[in-house]
Amino acid sequence: MQRLRLRGCVSVVTGGAQGIGKSIVELLLAHGSSVAIWDINGSEAQKTATELLERSENDTRAIGLAVDVTDDRSVMDALERTTHELGPARILVNNAGVYVPGNLLDQTNDRWRFQMDVNATAVITVTRAVLPGMYERDAGHIVNISSAAGLLGVPGMATYVASKWSVFGFTESMRHEARNAGSKVRFSSVHPMYVTTGLFAGAKLRGIGALMVPQVRDHAVVARAV
């Protein structure tokens with residue numbers, strides 16, 4: 001495995017307790033970064049931290065924290081604890097996400113708003129919390145998990161697509177903001193095809209959609225891209 005220069009870094013991964021997030025955490029630990037796993041399920045986050053540390057061959061640390069990424073106070077409390085226990089974040093992976101399927105008029109207001117809050121608004125909330133420290137140190141990289149659905153329209157997924165297009169546009173705008181400010185902080189977005197497990201278990205696209213958005217069968221594929 002090619003080694004990235006991450007030894008001694010501190011990374012934050014939202015939604016890191018399972019699925020793609022867990023695979024991302026595992027690779028970061030393998031490359032020598034300590035990781036704070038932020039997840040709505042705190043016990044699962046801590047369980048993942050313990051499990052992956054036992055497998056890691058590096059002298060790294062991992063903590064699991066219960067964090068509601070849609071809540072400003074929860075995010076700021078988690079950032080304070082992360083900084084205290086591990087150090088300032090050098091890498092942020094905004095991975096937390098939800099999928100609410102269905103045509104627009106079939107969804108309740110609560111459901112589509114919840115999807116937008118987690119997938120889009122929370123990316124801004126967490127970035128606003130972590131970015132000032134990165135700007136101050138003039139170092140850091142923020143990776144936002146969008147989706148192939150953030151690049152094309154898909155029937156029956158309008159609000160999910162809207163949330164992921166938002167992530168792509170936000171990332172590109174922040175890239176330019178950082179560059180205009182002369183900062184070395186970097187921004188990237190990753191656009192996975194849909195994975196056959198986790199959020200999209202049992203999902204199938206038909207016809208031309210299956211050709212344009214093929215399945216990804218392994219979370220590690222996405223983790224390596226990140």
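Just after helix α4, residue D138 takes a positive phi of about 55 degrees. That is a positive value in a residue other than glycine. In this predicted model, D138 sits in the loop between α4 and β5, the strand made of residues 141-145. Is D138 buried, exposed or partly exposed? With a relative accessible area of 28%, D138 is partly exposed, because that value falls between the 20% limit for buried and the 50% limit for exposed.

Now step back along the chain into the helix itself. Helix α4 covers residues 109-137, which makes 29 residues. From its first C-alpha to its last, α4 reaches 41 Å, close to the 42 Å expected at 1.5 Å a residue. Where does α4 bend? Look at T121, where the helix bends by about 45 degrees.

Further along α4 you will meet T127. T127 is buried, because its relative accessible area is 2% and buried means under 20%. Leaving out residues up to four places away in sequence, T127 touches L92, N94, P132, I142, N144, F170 and F187. One of those partners, N94, deserves a visit of its own.

N94 has its place in strand β4, which runs over residues 91-94. At 3% relative accessibility, N94 counts as buried. Which residues does N94 contact, leaving aside its neighbours within four places in sequence? They are T14, V123, V126, T127, I142, V143, N144 and I145. Try tracing these in the structure: T127 belongs to helix α4, and β5 takes in residues 141-145.

Next, move to strand β1, residues 10-14, where you will find V12. Its relative accessibility is 0%, so V12 counts as buried. Setting aside neighbours within four places in sequence, V12 is in contact with A36, W38, T82, A89, I91, L92 and V93. You can also compare positions along the backbone: V12 and L28 are 16 residues apart along the chain, and their C-alpha atoms are separated by 9.9 Å.

Let us turn to a residue in another setting. E51 is found in helix α2, which spans residues 42-55. At 25% relative accessibility, E51 counts as partly exposed. What do its side-chain contacts look like? A polar contact of 3.1 Å joins the side chains of E51 and K22, and another, of 2.3 Å, joins the side chains of E51 and R55. E51 and E26 are 25 residues apart along the chain, with 9.7 Å between their C-alpha atoms.

Aromatic rings give us another landmark. How many aromatic pairs does a search of the whole structure find? It finds one. The pair is formed by Y99 and Y160 and is edge-to-face, with 5.2 Å from centre to centre and 80 degrees between the planes. Y99 lies in the loop between β4 and α4, while Y160 lies in helix α5 (residues 158-180), so the pair ties together parts that are 61 residues apart in sequence. Both Y99 and Y160 are buried.

With these places in mind, it is time to look at the whole protein. There are seven helices and six strands. Reading along the sequence, you meet them in the pattern β-α-β-α-β-α-β-α-β-α-β-α-α. The protein has 226 residues, of which 49% count as buried. Among contacts between residues at least 6 apart in sequence, 66% join residues at least 24 apart.

Finally, how confident is the prediction? The protein averages a pLDDT of 88, and 87% of the residues score at least 70. Two stretches call for care. Over residues 197-203, pLDDT stays under 50, and the model has 13 contacts beyond four places in sequence for them. Over residues 205-216, pLDDT also stays under 50, and here the model has 21 such contacts beyond four places in sequence. Where pLDDT is low, the predicted coordinates should not be read in detail.

Key
Residues numbered from 1 in each chain as written. Heavy atoms only, no water. Helix = DSSP H or I, 4+ residues; strand = E, 2+ residues; numbered from the N terminus. Expected span 1.5 Å × (residues − 1). Bend = angle between axes of the 7 residues up to and from the residue. Buried < 20%, exposed > 50% of the residue type's maximum accessible area, 1.4 Å probe, protein only. Polar contact = N/O pair within 3.5 Å; in protein donor to acceptor, adjacent residues only side chain to side chain. Phe/Tyr/Trp six-rings, centres within 6.5 Å; stacked < 30°, edge-to-face > 60°. Contact = heavy atoms within 4.5 Å. pLDDT = per-residue confidence, 0-100.
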